[in-house]
Amino acid sequence: MKKIKYLIPALALAFFSCDNYLDINENPNAATASQVTPNLTLSAVQTASYSPLVRRMNEIGNVFMNNWGPNVNSFTGGYAEEFGITMSANFYEDIWNSVYRNTGEYSNIINFNSSDYDHHKAIAKIMKSFYFQYLVDLYGDIPYFGAHQGTANPFPTYDDDQAIYRDLIVQLDEAIAMIDNAPSTTVAVGAEDVMLGGDMITWKRFANTLKLRILLREATLAETDAASATYLNDQFALLDNDFIVQDVTINPGYSNAKDSQQNPWINLMWELNLDTNGNRVLRNTYRFRRASKFIADQLNALPPDPRKNRLFATSPATTGPVVGVEQGSATASTDISAFGPGLMVEHSQDGYVMLAAESYLLQAEAVERGYIAGNAQALFDMAIQASCDMLGVSSGDAATYIASVNGQDGKGYAASTNKIQAIMYQKSIALNSINGAEIWIEYTRTGFINNIPMPLGATSPTGQKPMRLMYPTSELASNSANVPSQSANDSFTTAPFWKN
């Protein structure tokens with residue numbers, strides 16, 4: 001049968017960037033105070049804020065980190081901006097617009113005028129800090145201390161990114177204190193918490209894990225900066241080493257009842273209903289996205305990673321190699337691997353906000369750097385096991401891989417001359433197609449993850465990947481007096497404060 005190639009211009013890909021699941025349409029710099037109680041808004045805010053994490057943030061990270069490529073056998077014109085690294089104020093600007101807006105909704109919960117909802121407010125503080133860390137990581141200086149004040153401050157100034165990071169730790173400490181010291185009249189959190197179901201002990205562990213991630217972002221800077229080293233030593237001395245041991249998921253009742261109720265990741269890829277033969281009906285957004293040659297080579301290399309057959313569709317399904325397309329090439333094998341059964345499960349599957357695997361790898365890095373006590377090798381192995389469990393790899397295959405990979409420099413802890421490089425490699429696999437933004441940010445921070453190649457034909461003033469996004473056109477239009485001056489080259493030559 002003759003193959004038909006589809007042209008994928010920016011307009012066609014707009015479907016992928018549409019963030020409409022329980023969307024909250026507010027000016028991100030002028031969020032208005034809600035008149036409804038926090039227990040009635042929490043689930044909507046959690047759900048809306050997750051969608052850009054798994055969609056656009058996930059996409060840009062996986063493309064920049066050479067995990068994804070286009071299905072060049074059926075489509076043309078895809079990822080031209082990403083592969084050319086054409087940075088501009090409208091390049092992925094929807095990340096800013098959606099994430100910033102949703103942090104404003106968390107502010108509405110925090111500022112609700114009642115102490116009866118301290119546990120809801122604590123959750124909002126934790127999640128606001130979670131997403132503000134990403135805003136700093138992707139943009140650097142941003143409006144923070146004066147943000148979300150509505151007409152009282154419609155044009156907030158841009159704050160120093162390091163000062164914001166310092167305050168995120170303060171906010172997380174306050175959230176933990178609110179959980180521990182809530183008044184007796186505090187309303188219990190229940191099913192309206194669509195992430196942890198009101199389990200406040202796990203919320204504290206999540207807050208501690210987020211503090212760990214925030215602090216470790218500065219760890220490479222602390223290698224040469226005495227002030228950062230002192231700050232981190234002081235903060236780690238205060239850190240409660242009680243971290244998450246489970247995947248932090250979200251599920252407000254995802255289903256295939258209608259588009260707005262699907263898991264936002266699955267909603268991109270599958271139609272709601274099966275065809276007349278009982279088969280999945282695949283959207284073009286699924287048919288377009290394929291494994292890159294780079295990630296295929298990494299997963300197929302000896303010892304073969306058993307997660308490869310879960311991350312990407314292979315033939316045979318459980319043992320076959322991942323087939324990838326070289327980024328920037330117009331030709332490829334006829335059977336480029338699509339997303340696999342570990343990522344594509346069902347319409348109602350959970351979303352993943354933070355993986356247990358990431359928690360264990362953060363702890364392994366902190367131990368390796370001497371910030372906390374523990375067994376880095378054991379934590380490293382536990383991270384791989386947790387990643388395999390999440391993707392549905394058998395316990396036997398996981399154990400075999402853990403034993404084998406630890407003898408490989410750059411991928412296994414035991415044999416690696418640089419332990420941080422091995423940690424970053426395993427993080428890049430554990431978060432592959434789940435949280436691409438985190439992989440990109442950690443690559444920017446450490447420079448590791450195995451010499452990720454540039455796409456064919458890419459142009460970069462430094463010969464390297466960009467380290468940040470540009471401030472979006474929405475800010476240039478609505479807050480022009482305060483937006484820092486910026487050129488496209490700044491995306492390659494400037495980074496958040498934590499970049500050494």
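Student: Leaving aside neighbours within four places in sequence, which residues is W203 in contact with?
Tutor: This model is predicted: local features need pLDDT of at least 70, side-chain atom pairs count only at pLDDT 80 or more, and totals for chains, interfaces and linings use all residues. Residues are numbered from 1 along each chain as its sequence is written, and side-chain values use heavy atoms, without hydrogens and water. With contact meaning heavy atoms within 4.5 Å, the list for W203 is Q46, I123, I126, M127, I179, D193, M195 and L196.

Student: Which helix supplies the largest share of the largest nonpolar core?
Tutor: A nonpolar core is a set of buried (under 20% relative accessible area) Ala, Val, Leu, Ile, Met, Phe, Trp, Tyr and Cys residues joined through side-chain atoms within 4.5 Å. Here the largest has 146 residues, and M127, F130, W203, F206 and F236 touch the most other members. The largest share, 13 residues, comes from residues 118-139 (helices are DSSP runs of H or I, at least four residues), that is, helix α6.

Student: Is α6 roughly parallel or roughly antiparallel to α8?
Tutor: Take α6 and helix α8 (residues 200-217): their axes, lines fitted to C-alpha atoms over the stretch in contact, are 11 Å apart at an angle of about 25 degrees. Angles run from 0 to 180 degrees between N-to-C directions, and under 35 counts as roughly parallel, over 145 as roughly antiparallel. So α6 and α8 are roughly parallel.

Student: What is the relative accessible area of N66?
Tutor: N66 isn't a glycine, yet its phi is positive, about 60 degrees. N66 sits in the loop between α3 and β2. It's buried, with a relative accessible area of 3%.

How values were computed:
Buried means under 20% relative accessible area, exposed over 50%, partly exposed in between (1.4 Å probe, protein chains only). Helices (H or I, at least four residues) and strands (E, at least two) are DSSP runs, numbered from the N terminus. Angles under 35 degrees count as roughly parallel, over 145 as roughly antiparallel, 65 to 115 as roughly perpendicular and the rest as oblique.
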